[in-house]
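Me: I should like a close look at a single helix of this chain, with its surroundings explained in a connected way. Please set out which residues are buried and what they pack against.

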Amino acid sequence: MTTIGESDSEDGATRREESFEDFLSCHQVQLEKAGVPHVFWKSLFLKLKNEVYDAGRMFMMVQAIAEEELEDNKDNDNDDGSEDVQCQPGNPEVVPLKVVVSNENGLDADDPSNIYLIDHAWTYRIEKVRQQLEEIQGLAERMVALMHLDTVNKDRNDVIELVIQEMWKYNQTYSIQNQEFSAEDKLPVWYIMDEFGSHIRHSDQPTFKTAPLFYMPNQICYTILWPVKDMDYADEVTRDFASEVRDPVLRKIRLSPWQPADFTSINTKHLELDIEYYRGVCNENWASEEELDESLLQPQRNKVNKVYTNNEQVLNFLKHPNFEIVETEEEADILWYMEHFKEFKTLALNTKKYVNQFPCESLLTTKDMLARTARRASPSDQDGPKWLAKTFDLLQELPQFVSYYQQKQQSGEDNIWICKCWNLSRSLGHTVTDNLSEIIRLTETNYPQIACEYISDPVLFYRDNVGQVKMDLCYTVFLASVKPVKLFLHRNFSLRFAYKPFSLDHFDDYGKHFTVMNYADSKKLLQMRNLSSQFY
């Protein structure tokens, strides 16, 4: 996963003609993170600026012949003069292709000009995959040709489903991290390189490296390709599909979408991490109980409490006369933050303020730690309480998950999973799938995820003009004290609904499988509020 940072430079459309210095001010962080050698930077700048796509003068695609068969064929050609070849994984009738050096003089890895731009055939976010394949003219057909898929006797819906299943062998990803972007805009973007880039094959000893680079002036992402060794004519261009993974088991798993393997021998028992892991997760400056007791403020009902917040909802809706919004943290009695707060000791000893968080609350408010905490609270059952779906932390427990998935697959059980980002809300970054390759590839993003068994028989609600849809209940809870526990539940709650009939298919369809999202069309949104008198 490549994370593309923000730039302090002016937008390319409004500034003077771009210089090399301008280019570096915008892109040097990307280049350094990608590991692009300095020798290529100037040449890359000129190719991007002038839109030079010159890979065709140095490379070509040819039929790929298995190395061992090629050696045999040198001494033992077939009677008809043909050669034995491997077949394309997606279609056993198609000979696979590979990329080789076509320049008769070969290629010098130190030549500054030997860095190349690869265009992207398709860029998308997961929730738009099916819609784009259905609506963008020629896209499905191009993907079928690029992936060499066998579509004989398949209708268009079957073809689209096949592309969705197979695309995880071709997908690449990046995200753009900019403080001004919304959480939605920061989510991973997926893309498939053009036919040239998509036929660069994997090798444990790669001859080239690739990386996505977002070119700011044109607001376009390219993949850049550069050599790591000198190449001769007809040498194959390869890259490492799991270049950042060194652990042998994890590496084998990360490569399994292309090189299937059996992992069922791995123990599926959840890992119990030591206390230092939990301390690292919290990473807070804690106050002792005595220090907290001494710093507790006594509520004053007639006092006007000054509130500092960066939460838009609080700013817009806190209208009670006992509260006043202030501009600085120093003058506030109450701090209401959106981001995670860590300096509890400083707050308790020096400032005598309230803050809208509790020490170590991430043990409950992040999805990975909620699952771990629930399991630790139910030591008699290693899967945790009955309300907790089987849950794996894909950052720490990917081998255990893959083994569990394959064991379920062998036994013929339902094998549908919902993958959730640890610390995002409103279903952002959530994915429902029964595709193991997809789940493994999702771990390449910069959003750590959990995988939970998907509830395949949820309670459904009949929605007029739609049918039986998924639903959820949304409560507002106020935690006033941890010791002793003081928890308040607002008397009003709401129900939220999906806007498409539920069924166990088209797992990429958010309207079918999710109830909380940002609706582009508000007419699809149905909520029921003030239901306290109707439910007991």
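Reply: The account below begins with the chain as a whole, turns to helix α9 and its partners, and ends with the nonpolar cores.

The model is predicted. Its chain contains 17 helices and 25 strands, and 45% of the 536 residues count as buried. Among contacts between residues at least 6 apart in sequence, 65% join residues at least 24 apart.

Helix α9 spans residues 275-282, and its buried residues are Tyr277, Tyr278 and Cys282. These three lie on the same side of α9, because they cover an arc of only 135° around the axis. A general property of helices is relevant here. An α-helix has 3.6 residues a turn, so residues three or four places apart point the same way. Just after α9, Asn283 adopts a positive phi of about 45°.

What do the buried residues of α9 pack against? Their partners are two helices, α13 (362-365) and α14 (367-376), together with strand β16 (391-393).

The pairing with α14 can be described further. Two packed helices are described by the angle between their axes and the distance between the axes. For α9 and α14, the angle is about 140° and the axes are 12 Å apart. The crossing of α9 past α14 is left-handed. On the α9 side, the residues in contact are Tyr277, Tyr278 and Val281; on the α14 side, they are Asp368, Met369, Arg372 and Arg376. By class, the residues of this contact comprise four nonpolar, no polar and three charged. Tyr277 and Tyr278 thus appear both among the buried residues of α9 and in the contact with α14.

For the wider setting, the nonpolar cores of the chain may be considered. The largest has 39 residues, of which Trp122, Leu133, Met143, Met147, Met167 and Phe401 touch the most other members. Elements that give two or more residues to this core include β5 (120-124), α4 (129-135), α5 (139-147), α6 (156-166) and α15 (398-411). The greatest contribution is that of α5, with six residues. Leu133 illustrates the packing: leaving aside residues up to four places away in sequence, Leu133 touches Trp122, Leu139, Ala140, Met143, Arg156, Ile160, Val163 and Ile164. A second, separate core has 23 residues, including Ile200, Met216, Met231 and Val237.

Terms used:
Residues are numbered from 1 along each chain as its sequence is written. This is a predicted model: local features need pLDDT of at least 70, side-chain atom pairs count only at pLDDT 80 or more; totals for chains, interfaces and linings use all residues. Side-chain values use heavy atoms; hydrogens and water are left out. Buried means under 20% relative accessible area, exposed over 50%, partly exposed in between (1.4 Å probe, protein chains only). Helices (H or I, at least four residues) and strands (E, at least two) are DSSP runs, numbered from the N terminus. The arc is that of the directions from the helix axis to the C-beta atoms. Contact means heavy atoms within 4.5 Å. A nonpolar core is a set of buried Ala, Val, Leu, Ile, Met, Phe, Trp, Tyr and Cys residues joined through side-chain atoms within 4.5 Å. Axes are lines fitted to C-alpha atoms, for helices over the stretch in contact, and angles run from 0 to 180 degrees between N-to-C directions. A crossing is left-handed if the near helix is turned anticlockwise from the far one by less than a right angle, and right-handed if clockwise. Ala, Val, Leu, Ile, Met, Phe, Trp, Tyr, Cys and Pro count as nonpolar, Asp, Glu, Lys and Arg as charged, and the others, Gly among them, as polar.
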